[in-house]
Amino acid sequence: MTKNILVTGGAGFIGSNFIRYLLSKAGDYRITNVDLLTYAGSLENLKDLPHPEKMEFIHGNVCDQPLMEQLIEDRQIDTVVHFAAESHVDRSLQGPAAFIQTNLVGTFSMLEAARKVWLQKGLIDMDKVRFHHVSTDEVFGTLAPGDPAFHEDTPYAPNSPYAASKAGSDHLVRSYAKSFGLPITISNCSNNYGPYQFPEKLIPLMILNALHEKPLPIYGDGLQIRDWLYVEDHCDAIWIILQRGEVGESYNIGGENQPSNLEIVRTICKILDEKAPRESGLPHEDLITYVADRPGHDRRYAMNITKIRNELGWEPKLQLEEGLRSTIEWYLSNEDWLQAISKEKNFQDWVQLNYEAREKTLGGAE
Ligand code: NAD
Ligand code: TYD
């Protein structure tokens, strides 16, 4: 039987990887991909899809509730996978409004649309429907050294406007299950990396800056810890939750890789020394530059993934160094994508301004 899946934010990093993942699987799927194509989303991320005829792209805003309702009804959507969000912490510090709009109001609008079509109009068999909300480990706040990893019952304590907007959206999703019986699942995942990641996030930014002989900006002392996960492993986890996850439950997803930012950047530099040595012959590590720390910077994230491992049989497949090698190879061999994204999005201006502001703050603080 055909599954009709509405993916929101499917022109972004994880959403586009998820669509690619799904279309490469055997099975009868029709995907409706709604994306606003903000600075972070691009149709470049959806080129050369396997079975492109199975995906319909809609340029739309998740806050546009009538459109969402119409799509769910007309396409007989039985599964919503909600990725669309403003996703960059640094940008949420500079301009939180868009985060409140898309992450909170947008999630509310998606929930209302699903509630109206599925629960009030009863147009689709309720045994088949699912609303899956894609969220983050950042909702749990920060860990001190030695604290146990976040588990599903860890109290929420978000520290950035991004994290707070995602925390609020998680609560809304949960409330729609409790109050209205909407069949939901939630996943809270750690930091992703891999192909098609917008080059303002740590790993692609470091790869590209290193290749272009630019400084590699380390915020603060660089000893902050993230729990890195290769994006395909995240897609796999979401798919497994859709197949076997229990309605109403949330699942933590993580890579069980917890290096410091400095270790990550040094590993990237080492791999680039092998694969793309500098003309000068000097190590890429020499480009590392310490800049002012991010305000409210969470020190450490770590995910306890016992629940998804024991109950659903999911585990991360790729080790960090292997994943970093494959990511670096992807960026090295996808110069066309990079050129196109640079032309379309001009991300370098934002990255440069962000860098200059931090460098200046550091200078002033000393
Ligand atoms: P991204 O910024 O790369 O992509 C977000 C996509 O959403 C873009 O294509 C953008 O155009 C689209 N979008 C933004 N506002 C929209 C709106 N109002 N209507 C429709 N589309 C809109 O983000 P990502 O890294 O792919 O993250 C996807 C989801 O996964 C987010 O919900 C994020 O919170 C979550 N998440 C991300 C990570 C990570 O490490 N990147 C980790 C855990 C969870
Ligand atoms: P980022 O990729 O922005 O993801 P998040 O803030 O969601 O974890 O950042 C990952 C870590 O890397 C975070 O601790 C901030 C740090 N960082 C730097 O040190 N330098 C940079 O240029 C960037 C973008 C991030």
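**Note on the ligand 1 site and the cavities**

1. Three elements each supply at least two residues of the shell around ligand 1: α1 (13-23), β5 (130-136) and α5 (161-180). Strand β5 gives the largest share of that shell, with three residues. Bear in mind that this is a predicted model.

2. The shell is 28 residues in total. Ile-14, Asp-35, Ser-87, Tyr-162 and Lys-166 come nearest to ligand 1. By class, the shell splits into 13 nonpolar, 13 polar and two charged residues.

3. Next, the polar atoms. Phe-13 has a polar backbone atom 3.0 Å from an oxygen atom of ligand 1. Leu-36 also uses a polar backbone atom, here 3.0 Å from a nitrogen atom of the ligand. With Tyr-162 the side chain takes part: one of its polar atoms lies 2.7 Å from a ligand oxygen atom.

4. How much of ligand 1 does the protein bury? Taken alone, the ligand exposes 840 Å², and the protein buries 96% of that.

5. Now the empty space. A search of the whole structure turns up two cavities of 30 Å³ or more. The largest holds about 60 Å³ of space. The second largest has a volume of about 40 Å³.

6. Which residues line the largest cavity? One run of its lining is Arg-294, Pro-295, Gly-296, His-297 and Asp-298, and Tyr-301 also takes part. The others are Val-89, Glu-138, Asn-159, Ser-160 and Arg-226. By class, this lining has three nonpolar, four polar and four charged residues.

7. The second largest cavity has another set of walls. Its lining includes Tyr-39, Ala-40, Gly-41, Ser-42 and Asn-45. Tyr-196, Gln-197 and Phe-198 line it as well. Helix α11 (residues 335-345) gives the most to this lining, with three residues. Trp-337, Ile-341 and Lys-345 are among the lining residues. The class count here is seven nonpolar, four polar and one charged.

8. One residue deserves a second look: Phe-13. Its backbone supplies a polar atom 3.0 Å from a ligand oxygen atom. Phe-13 is also part of the lining of the second largest cavity.

Key:
Residues numbered from 1 in each chain as written. Chains lettered and ligands numbered in written order. Predicted model: local features only at pLDDT ≥ 70, side-chain atom pairs only at ≥ 80, totals over all residues. Heavy atoms only, no water. Near = heavy atom within 4 Å. Polar contact = N/O pair within 3.5 Å; in protein donor to acceptor, adjacent residues only side chain to side chain. Areas by Shrake-Rupley, 256 points an atom, 1.4 Å probe, with all protein chains shown as cover. Helix = DSSP H or I, 4+ residues; strand = E, 2+ residues; numbered from the N terminus. Nonpolar A, V, L, I, M, F, W, Y, C, P; charged D, E, K, R; others polar. 1 Å grid on protein atoms, 1.4 Å probe; cavity = no way out; pocket = protein on both sides within 12 Å on 5 of 7 lines; lining within 4 Å. Points joined across faces, edges and corners; volume = space filled by probe spheres on them.
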